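User: Hi! I'd like to go through the ligand site with you, then look at one more spot in the chain. Could you pull up the model?
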Amino acid sequence: MPARLGRLRLSGPLAGAFVLVLAPAGAFGPWFLAVKGAPAASLSPLGPPAATDLQESLQRFRPIVSGGGLVAAQDARAAAVGATILRQGGNAVDAAVATCFALAVTLPQAGNLGGGGFLVLWLPRSAAQPLQAPAMPIGIGQAVALNFRETAPLAVRPELFLQADGSVDRVKATRSLLSTGVPGTVAGLTLVQARYGRLPLKAVMAPAIQLAERGFPVGVELAASLASAAPLLQADPSSRRLFFKAGGVPYRPGEILRQGDLARSLRRIAEQGAPGFYGGPVARALEGLMVQRGGLIRSADLAAYRARWQAPLQGRFRRYQVVTMPPPSGGGITLLQLLNVLEPLKLEATGANSAATIHRLVEAMNLAYRDRNRLLGDPDQVAMPLEQLQSSAYADLQRSRLDLNRHRPAAQLEADPTALGGGSHTTHVSVADRQGGLVAVTTTLNGAYGNGISVPGAGFLLNNELDDFSLKPGSANGYGLVQGAVNAIAPGRRPLSSMTPTLVFRPSGEPLLATGSPGGSRIITTVLQVLLNRLVFGLNLASSVAAPRIHSQLWPDQISVEEGLSPDTRRLLEQMGHKLVAVPAMGSANSVEVVPRKSPAAGPRAGSATTLTGGSLGVADPRRRDAAALPE
Ligand code: DON
């Protein structure tokens, strides 16, 4: 049965099943709505006017449209929190921080207080503070990166993770308190909000506190995820109590999950800022757990933790400016290397997801991951040839090594084959505000629910991020990444990451889009394909995110492919020497785009009823059931 809401009509499976949000009438008109990544065919034609400058009529997927700002996140309730904050006058930073704190409540498998992450932002200078180093000017605004990656505790020693035979103890590396890095999320979110947000921290955190305190109905995806993580979570008494009903019974969809301990921790942070987490009762509870159960983090580690401002990495791709995360994420530099190698290859001629294009991507990916794994680490502690890696001379050299007709086996490039681990338990939020401000923020516990261990009385899970180090150089981590000594574990060091929060600017310097993804080692290739789809293949944002993805990382020597490639494409790739492996859907690239106020491309119809000018577009990756892009 179709459902009606004002002028809008929903039909088919969407009727009644999704949140509809109408923006208040005003400067931008009353016609904006949000439905999770839904194809336009499910909406009546009474929706927003067609955006002729955005190629809408040629595409099978439609982004959500807003006359103001927009939040795209992996959980609809958390996205709604961000959208509310925008409506209350918050900027993109306020909304991103509010969404991340809400994700710590509603998406416990990845949203977190006990993990870490990276953030890249751009704000118009009029709306932000004056340029503060290391922020860099771009167009009328400034961009800056924030590193709130976890650090190895001061007492860490590599031997702690090894078995008697010298191999890495995978349980210690991923399921023990030893695997936990000093959490960075609270330091990062509160720091960026204090410097660049507009609203008081208390206002920004109030919705998350309410979600934790009053509870929320468990969604289908969370219920399934908790049930499948029962062996991990029920091994820990605190996690069992927090995430299961009495007797360890899993929550069914629709049942209310309340998190009183988490609400108290969140309230402490809202009132005191970062000291509410890194000192006082929360820090004491964390240290107490570590002492009691053989973990390494002590109050001195917590007190010493600092999030770090960094200058973002900048690159050019076809006149667009790409602004992304520097090390200790390997994501940004690897992405820029790939874009540099691919730029002159005329991929539009070979076409999206053709065998010829996929072959070029894969061969370039293998070379780039080879560098990532051997050369990158924490810039505070190791030297890296970043300039060389980003140079056009190096891109030319790498390009000259591509055989356009034949796959070069990984063994010819490097030894040490290994298996690729699974995982999709990080989360990415993209926000646009009505001034064109953009935030891309990716946070993680590493594995789903981290190491599964919660801090008693404080209500949050701990990360197992130290597995991102090369605990034994040359042996694979949980994502099958075989990394070198440059990323060895050491006290105070931050493990190399693949997280790739990324912004793109138009040739004019105006903001274009924000994107990023979870997916472990597959994050970088996911972001690459979203950008190529949008900037090269002419797809709109929604189609760019929905398109089938592939991934290769040198080892294992194979292409991971999502469903959606034709049998003859696969056959052609096999004939070029590739091995293809079908894998579960990769990534969750929730993305937003800023619509220019005056679009030259729109020509004489700019500002007419059929052309969108100003505002923003957003898309929740359709690969996650509970994700949403919601307008303010
Ligand atoms: O920082 C990294 O690269 C990993 N810890 C990210 C983990 C991740 O994306 C898990 N989800 N697939």
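User: Thanks! Which residue has a polar backbone atom 3.1 Å from a nitrogen atom of the ligand?
Analyst: That would be Gly 519. Keep in mind that this is a predicted model.
User: Noted. And what is 2.7 Å from an oxygen atom of the ligand?
Analyst: A polar backbone atom of Gly 520.
User: How much of the ligand does the protein bury?
Analyst: The protein buries 99% of the 340 Å² that the ligand exposes when taken alone.
User: Wow, okay. Which side chain has an N or O atom 2.6 Å from a nitrogen atom of the ligand?
Analyst: The side chain of Asp 468. Asp 468 is also listed among the closest residues to the ligand, together with His 425, Thr 426, Glu 465 and Ser 497.
User: How many residues surround the ligand in total?
Analyst: There are 17 of them. By class, the shell is made up of ten polar, four nonpolar and three charged residues.
User: And which cavity does the ligand take up?
Analyst: The ligand's space is the largest cavity.
User: Switching topic: where does Val 530 sit?
Analyst: Val 530 is part of helix α19, which covers residues 523-535.
User: Is Val 530 buried or exposed, and why?
Analyst: Val 530 counts as buried because its relative accessibility is 2%, and the cut-off for buried is under 20%.
User: How far is the C-alpha atom of Val 530 from that of Val 545?
Analyst: The two C-alpha atoms are 5.6 Å apart, while Val 530 and Val 545 are 15 residues apart along the chain.
User: Great, thanks for the help!

Conventions
Residues numbered from 1 in each chain as written. Predicted model: local features only at pLDDT ≥ 70, side-chain atom pairs only at ≥ 80, totals over all residues. Heavy atoms only, no water. Near = heavy atom within 4 Å. Polar contact = N/O pair within 3.5 Å; in protein donor to acceptor, adjacent residues only side chain to side chain. Areas by Shrake-Rupley, 256 points an atom, 1.4 Å probe, with all protein chains shown as cover. 1 Å grid on protein atoms, 1.4 Å probe; cavity = no way out; pocket = protein on both sides within 12 Å on 5 of 7 lines; lining within 4 Å. Sits in = over half its atoms within 2 Å of the grid points. Nonpolar A, V, L, I, M, F, W, Y, C, P; charged D, E, K, R; others polar. Helix = DSSP H or I, 4+ residues; strand = E, 2+ residues; numbered from the N terminus. Buried < 20%, exposed > 50% of the residue type's maximum accessible area, 1.4 Å probe, protein only.
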